[in-house]
Amino acid sequence: MTSDALMVGTFEITPYRVIVPLVALFFFLYVWSCVFRGTKTIWEACLWTLFWGGVAVIVLFPRWISLLTMWTGIRGQANAVFAITIGILLFIVFHILIRMEKMQKRITDLVRHHALEDAGLLEKSETRSKREI
């Protein structure tokens, strides 16, 4: 036992094991408050919750990584953490790319609509009726 750690049963309480779960709790509360304000989707909040919950679990119960390494066949705990982190990051990048493509399509449609309107090929009354639908 180190000088900055406190033992409770077989669980060693260190500043790392206190601070990281508190940070995870902060991000959990923050992302769900964003959902309730309408700035994030439930899907994004679930991803954030899963990620930060996983971080907190790994910090609090590092032996669970051993179970994960046996289940996946990855030989070291550090390798398992890196593999899972890379997988999560790739999934997040994929999700961001999909959202960017949707946003790009919406911007293209908007610019096209305004260009047709400015050229006189689209009447303003058509614009209102399309927006109402």
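Which helix holds both F26 and Y30, and how many residues apart are they? I looked this up in the predicted model. Both residues lie in helix α1 (residues 15–37), 4 residues apart, about one turn of the helix.

**Entry 1: aromatic pairs**

I counted ring pairs with centres within 6.5 Å. By this rule I obtained 6 aromatic pairs. For F26 and Y30, I noted ring centres 6.3 Å apart and planes at 15°, so I recorded the pair as stacked. I then turned to F51 and W52, whose ring centres are 5.2 Å apart with planes at 80°, so I entered this pair as edge-to-face. I also noted that ring pairs join F26, F27, Y30, W48, F51 and W52 into a cluster.

**Entry 2: accessibility of cluster residues**

I next checked relative accessibility. Y30 is at 41% and counts as partly exposed. F51, at 31%, is likewise entered as partly exposed. W52 has 17% relative accessibility; because buried means under 20%, I listed W52 as buried.

**Entry 3: helices α3 and α4**

How do helix α3 and helix α4 pack, and at what angle? I found that α3 (residues 64–72) and α4 (residues 77–118) pack at an angle of about 75°, with their axes 9 Å apart. Angles of 65 to 115 degrees count as roughly perpendicular, and I therefore described α3 and α4 as roughly perpendicular to each other.

I then listed the residues that meet. On the α3 side they are I65, S66, L68 and T69, and on the α4 side Q77, A80, V81 and I84. Sorting this contact of α3 with α4 by class, I recorded 5 nonpolar residues, 3 polar residues and no charged residues.

Note on methods
Residues numbered from 1 in each chain as written. Predicted model: local features only at pLDDT ≥ 70, side-chain atom pairs only at ≥ 80, totals over all residues. Heavy atoms only, no water. Phe/Tyr/Trp six-rings, centres within 6.5 Å; stacked < 30°, edge-to-face > 60°. Helix = DSSP H or I, 4+ residues; strand = E, 2+ residues; numbered from the N terminus. Buried < 20%, exposed > 50% of the residue type's maximum accessible area, 1.4 Å probe, protein only. Axes fitted to C-alpha atoms, helices over the stretch in contact; angles between N-to-C directions. Parallel < 35°, antiparallel > 145°, perpendicular 65-115°, else oblique. Contact = heavy atoms within 4.5 Å. Nonpolar A, V, L, I, M, F, W, Y, C, P; charged D, E, K, R; others polar.
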